[in-house]
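Let's take a walk through this model, stopping at the hairpins, the odd backbone spots and the charged pairs. Keep the viewer open as you read.

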Amino acid sequence: MSAIEVAGLAGGLVGLTSAQLDDLASRIDGRLLRPGDEGWSDAILTWNGMVARTPALVAQPTSARGVAGAIGFAATHRLRLSIKGGGHNIGGTAIAERGLTLDMSRMRTVTVDPGGRLAHVGPGCRLADVDRATQAHGLATVLGFVSEVGVAGLTLGGGFGYLARRFGWAVDNLQEVEIVTADSRIRTASRREHAELFWAVRGGGGNFGVVTRFTFRLHEVGPTVYGGLIAWPFERAAEILSAYRTFTAAAPRELSVWMILLRAPAAPFVPPEWQGRRICAMSVCYSGDLRRRDEVLAPIRALGKPVVDVLREQPYVELQSYLDGTEPKGQHYYWKTGYATELSDDLLSAMRGLFADCPIAEGQLAFLHLGGALNEHDEDDGAVGNRDAHFVWGVNGAWEPGELDADAFREWIRAAWTRIRPYATSGNYVNFQLAEDGHARTAEAYGKNYERLQRVKADYDPDNLFRVNRNIPPAT
């Protein structure tokens with residue numbers, strides 16, 4: 001390979017000779033890509049087109065040993081290093097501009113131990129990979145709700161989905177990780193071994209190393225659940241939101257319902273006369289005894305006269321991909337989010353009023369119900385914290401690249417967030433942070449756990465090699 005310049009940790013560029021590049025290629029147990037190489041475009045593609053970046057090099061290891069080789073090389077030459085699992089993070093943390101990117105896509109295996117109810121998951125896996133493998137045995141773990149999301153990034157930030165009410169954060173179901181730390185050592189971390197590192201990994205993001213294997217606890221779920229989408233005219237928003245607050249307060253944990261205010265998509269299941277009009281939609285997943293389905297769903301059915309109703313029995317893996325079409329790769333995504341402990345009258349009124357004035361065609365205001373198992377853990381059971389969260393709320397925007405009103409859209413979302421933020425908890429979800437969010441926002445995500453995270457960072461990454469993330473600098 002010919003010489004190349006790569007972004008350095010201290011700023012500026014680091015020149016790598018052809019011999020040094022050959023050395024890196026020999027270490028990674030996989031492919032080393034440069035611009036123009038076959039596979040380059042896919043390797044650098046990320047979900048949020050707004051934060052697209054281009055690295056200088058992409059390493060695609062196939063083993064923990066190869067990951068260790070790349071990390072050792074980056075540390076020796078003080079290169080700016082980023083890690084790409086699924087590339088779905090809204091802040092664009094998968095790619096460091098002109099840096100070295102570790103693309104984990106060639107480590108995409110899932111091994112299920114149905115007897116032990118465990119799944120061993122590679123860092124390049126998407127949610128769909130895990131769901132397909134575990135559902136073959138009628139088992140599942142807590143993951144997200146868009147099938148193309150990467151397991152690694154979702155889990156390291158805490159992770160939640162339709163099953164969170166039953167089984168807690170994704171990291172509450174994490175049993176063990178294999179991780180390569182900044183000193184290039186391959187370690188196994190669990191509650192019994194390297195316990196502080198394991199504590200930090202459970203919600204602390206990519207600050208502590210590169211996980212090369214996740215081991216999750218599995219639960220009996222599916223393979224058939226009941227769910228889908230049901231929606232009513234936005235003109236009924238006051239009634240629908242009030243009913244949502246009432247039935248979520250009493251809902252069994254097997255029932256998860258997301259409340260979404262949006263314009264109806266131009267989808268085959270939406271009557272033509274409703275496409276593009278404002279609606280109140282519920283995305284539903286009931287994973288309990290299907291013989292109780294009518295009883296459990298009765299409060300939703302009691303609202304009557306939906307304009308869209310595609311609730312039905314379906315495979316859990318199908319439900320897990322139900323919202324994929326709402327988040328195509330390459331669009332520009334921008335949102336502001338927070339947690340809430342309750343849905344007060346003022347909060348519901350604010351959300352309703354804001355959506356009535358939302359200028360973004362693909363804008364959404366949403367509540368995701370979390371209350372349940374995650375609230376029963378101690379605040380310091382894993383770095384994820386936020387054990388007081390019962391709902392996630394969000395003001396979300398999406399638009400095509402080149403949209404002339406993009407600046408105005410972002411300003412509207414920021415103003416909407418300012419209006420709603422007084423009803424939020426003091427924490428936030430680190431995986432939903434934007435590229436523009438600073439260290440203060442990251443510290444808020446962890447609350448009292450932040451200083452402990454800094455101490456663990458000092459132990460395992462004192463030089464802050466892993467900094468292209470929602471960064472937690474080491475304690476000094």
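## A partly exposed glutamate and its patch

Keep in mind that this is a predicted model. Start with E403, which comes out as partly exposed, with a relative accessible area of 31%. On the chain, E403 sits in the loop between β21 (391–399) and α12 (406–420).

E403 has acidic company at the surface: together with E362, E400 and D405, E403 makes up a negative patch.

## The β7–β8 hairpin

Next, have a look at β7 (residues 110–113) and β8 (residues 118–121), which run antiparallel and pair over four bridges. If you want a register mark, use V112, whose bridge partner in β8 is A119.

The two strands make a hairpin with four residues between them. The turn has a backbone quirk as well: R117 has a positive phi of about 55°.

## The β10–β11 hairpin

Another antiparallel pair is β10 with β11, again written over four bridges. Here V180 stands opposite I186 in β11. Five residues lie between the strands of this hairpin, and among them S184 takes a positive phi near 70°. That is a positive value in a residue other than glycine. S184 belongs to the loop between β10 (174–180) and β11 (186–189), and S184 is partly exposed at a relative accessible area of 24%.

Which side chains of β11 point to the buried face? They are R187 and A189, while I186 and T188 point to the other face and are not buried. The general rule behind this is that side chains in a regular strand alternate between the two faces of the sheet.

## More backbone oddities

Carry on past β11 and you reach H194, in the loop between β11 and α7 (195–201). H194 has a phi near 50°, a positive value in a residue other than glycine. As for its surroundings, H194 is partly exposed, with 29% relative accessible area.

Then there's a cis peptide bond, which joins G222 and P223 with an omega of about 10°. P223 is placed in the loop between β13 (219–220) and β14 (224–233).

## Salt bridges, from distant to neighbouring

How many salt bridges does the structure hold? The count is 29. One of them is between R245 and D345, with the closest N and O atoms 2.8 Å apart. R245 is in helix α8 (residues 237–250) and D345 is in helix α11 (residues 345–356), so this pair ties together parts that are 100 residues apart in sequence. The accessibility of the partners is worth a look too: R245 is partly exposed at 27%, whereas D345 is exposed at 55%.

R293 and D294 also form a salt bridge, and their closest N and O atoms are 3.3 Å apart. R293 counts as partly exposed with 24% relative accessibility, while D294 counts as exposed with 58%.

## A pair within a helix, and a network

Now go to R441 and E444, a salt bridge whose closest N and O atoms are 3.6 Å apart. Both residues are in helix α13 (residues 439–446); because they are three residues apart there, about one helical turn separates them. R441 counts as buried, at 12% relative accessibility, but E444 counts as partly exposed, at 31%. As a general point, side chains of opposite charge can pair when their charged atoms come close.

Some charged residues go beyond simple pairs: K336, E411, R414, E436 and D437 are linked in a network of salt bridges.

## Last stop: L368

Finish in strand β20 (residues 364–369), where you'll find L368. Is L368 buried or exposed? L368 counts as buried, with a relative accessibility of 10%.

If you'd like a distance to check in the viewer, pick the C-alpha atoms of L368 and V142: they are 15 Å apart, with the two positions 226 residues apart along the chain.

Notes. Residues numbered from 1 in each chain as written. Predicted model: local features only at pLDDT ≥ 70, side-chain atom pairs only at ≥ 80, totals over all residues. Heavy atoms only, no water. Patch = residues over 30% accessible without salt bridge, like charges linked within 9 Å, V, L, I, M, F, W, Y side chains within 5 Å. Areas by Shrake-Rupley, 256 points an atom, 1.4 Å probe, with all protein chains shown as cover. Salt bridge = Lys/Arg side-chain N within 4 Å of Asp/Glu carboxyl O. Lys, Arg positive; Asp, Glu negative; His and termini not counted. Charge placed at Lys NZ, Arg CZ, Asp CG, Glu CD. Buried < 20%, exposed > 50% of the residue type's maximum accessible area, 1.4 Å probe, protein only. Pairing = 2+ DSSP bridges.
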